[in-house]
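Please take me round this model in the viewer, one selection at a time. For each stop, say what to select and what is there.

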Amino acid sequence: MQNNMQNKPMNIILTGATGTLGSKVLHTLFETKFNEINTVYLLVRKKGQMSPNERVINMLESEFAPEFIQKKRKDVLAKIKVIDATAILNPELYLTKGELCYFIHSAGYVNLSVDEVNKEEIFKENYHFTKSIFNTYEKFLKKFIYISTAFSIGDLGGLIGDDYIEIEGGAYRNFYEASKHASEKFLTEAGKEKNIPIQILRPSVLGGNAMDSPSFFISKYMVFYLFAKFFHNNASNDHIRITANKDSGLNIIPTDYAAKVIVSVFNTDVKQLNIVHSKATDVTSGISKILDTVGFNKYNITQDIVSKTIGFESKLEQYYYETIGVHLNPYLTSKPYEWDTSLLESILPIPKYDLEQYLENTVKFAKLKNFRNQKW
Ligand SMILES: NC(=O)c1ccc[n+]([C@@H]2O[C@H](COP(=O)([O-])OP(=O)(O)OC[C@H]3O[C@@H](n4cnc5c(N)ncnc54)[C@H](OP(=O)(O)O)[C@@H]3O)[C@@H](O)[C@H]2O)c1
């Protein structure tokens, strides 16, 4: 793995800095590369009454910011330029002629809907947005780093390597996977054509911190947390059958580890990398662990399909299969798969911990925070 860093200080553009992964990437960038960084441009949207600048300040002042950021906040802020995301397709407004940047595109729309009515919006936010950004920034790009998802290869099964461009994938479980894979393919082609280096980094499902403090912290509760939240919030006497393929697994990667890998590789010649755990948590024991942790015990796990056609056993079962189950069922019933993590482990060894204990602790943390996302 070759480091492409010359001695010149780096300029970095980061999208999605207010998100789960982007916020951790931002912190880690400064924690580990403070001296090498000239400017980090953050493209941030306003949220309600909060301006982009206020959001960034809230994030850096948060109790969850690492010690380094808390101690050197002023110096860190001096290297940050917050750009209102309305200017995202007008780089000339904030970049100078000839300026070359590493562009880390972490903004994305994590929506696992399988409803055709959401297809256009998911493609617009993930694929078309990425395409417009790449085309707009062409002359300012030293390199384009795209944060995709390890699931963009679809329901493939078996041992999965880092190359998702040359191989035939499985059926996409939803439009999100399809839109992320389409972006990867577009960038690979466009990068070749314009002679701009492209790097595609793909985390699996993001979970709470495993290395940094506070332990198990995550800023937004998505995917398996939504499963936990559903059963935490719907304590009833109803019984529910949960369909899951007993041979499949849940691959959860701690956000702090994922961010450290991104910061370690973005200026190297690695082209594609899955940021995933070398082992999946067994689906059956993973579901049981999550449900035990939120105190829900009126369920059984089945290999059978549960649907309206077959008939629901309870109101809760119907509610599950008509809401969150629609999004999660394709993952719980995936073909068995695992990822080849040899390249990943050579970059940064995956921290060692008991997978089920981690799952329990990360859900406990979420429960303690009432599954409330960070407001920044
Ligand atoms: N979460 C996961 O488990 C997971 C797993 C694998 C891969 N990923 C990928 O990792 C990346 C980051 O995901 P995440 O979990 O950090 O998501 P997230 O917490 O939902 O954050 C998304 C970020 O993108 C920003 N954003 C979205 N649309 C935007 C737009 N049109 N213009 C400007 N900013 C926009 C959001 O800004 P606001 O704060 O203003 O909404 C937020 O900062 C995504 O590309 C996602 O596909 C996520």
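The crossing of helices H5 and H6 is right-handed. This is a predicted model, and the tour begins at this pair. Select residues 119-137 for H5 and residues 175-194 for H6; their axes come within 9 Å and cross at roughly 15 degrees. An angle under 35 degrees counts as roughly parallel, and H5 is therefore roughly parallel to H6.

Now show the side chains between the two helices. On H5, pick Lys-119, Ile-122, Phe-123, Asn-126, Tyr-127, Thr-130, Lys-131 and Phe-134. Facing them on H6 are Phe-175, Tyr-176, Ser-179, Lys-180, Ala-182, Ser-183, Phe-186, Leu-187 and Ala-190. Coloured by class, the residues of this contact between H5 and H6 come out as ten nonpolar, four polar and three charged.

**The ligand**

Next, select the ligand and the residues around it. Which of the 26 residues around the ligand come nearest? They are Gly-16, Gly-19, Thr-20, Ala-107 and Gly-108.

Then highlight helix H1 (20-33), H5 and strand E8 (205-207), each of which supplies at least two residues of the shell around the ligand. H1 gives the largest share of that shell, with three residues. By class, the shell holds 13 nonpolar, nine polar and four charged residues.

**The two domains**

Colour the chain by domain. Domain 1 covers 10-206 + 251-278, and domain 2 covers 210-250 + 282-336 + 352-368. Between their C-alpha centres there are 27 Å. The contact of the two domains takes 21 residues from domain 1 and 21 residues from domain 2.

On the side of domain 1 that touches domain 2, select H1, E8, strand E11 (252-254) and helix H8 (255-265); these are the elements that give two or more residues. The largest share of this side, three residues, comes from H8. Its residues fall into ten nonpolar, eight polar and three charged.

Keep the domain colours on and bring the ligand back. Its shell draws at least three residues from each of domain 1 and domain 2.

**A cis bond**

Zoom in on Ser-213 and Pro-214. The peptide bond that joins them is cis, with omega about -5 degrees. To find Pro-214, follow the loop between E8 and helix H7 (224-233).

**H7 against H9**

Where the loop with Pro-214 runs on to H7, select H7 together with H9. These helices pack at an angle of about 45 degrees, and their axes are 9 Å apart. Are H7 and H9 parallel or oblique to each other? At that angle, H7 and H9 are therefore oblique. Their crossing is right-handed.

Show Phe-224, Phe-227, Ala-228 and Phe-231 in H7, which meet Ile-290, Leu-291 and Thr-293 in H9. The residues of this contact are six nonpolar, one polar and no charged.

**H9 against H13**

Keep H9 (residues 283-293) selected and add helix H13 (residues 355-368). The axes of H9 and H13 lie 9 Å apart, and the helices pack at an angle of about 35 degrees. H9 passes H13 in a right-handed crossing.

Which residues of H9 meet H13? They are Ser-285, Gly-286, Lys-289, Ile-290 and Thr-293. On H13, their partners are Glu-356, Leu-359, Glu-360, Val-363, Lys-364 and Lys-367. By class, this contact of H9 with H13 has three nonpolar, three polar and five charged residues. Ile-290 and Thr-293 of H9 appear in the contact with H7 and also in the contact with H13.

**Last stop**

Follow the chain past H13 into the segment after it, and select Asn-370 there. Asn-370 is not a glycine, yet its phi is positive, about 55 degrees.

Definitions and conventions:
Residues numbered from 1 in each chain as written. Predicted model: local features only at pLDDT ≥ 70, side-chain atom pairs only at ≥ 80, totals over all residues. Axes fitted to C-alpha atoms, helices over the stretch in contact; angles between N-to-C directions. Helix = DSSP H or I, 4+ residues; strand = E, 2+ residues; numbered from the N terminus. Parallel < 35°, antiparallel > 145°, perpendicular 65-115°, else oblique. Left-handed = near helix turned anticlockwise from the far one by under 90°. Contact = placed C-beta atoms within 7 Å. Nonpolar A, V, L, I, M, F, W, Y, C, P; charged D, E, K, R; others polar. Near = placed C-beta within 6 Å. Domains from an automatic or database assignment.
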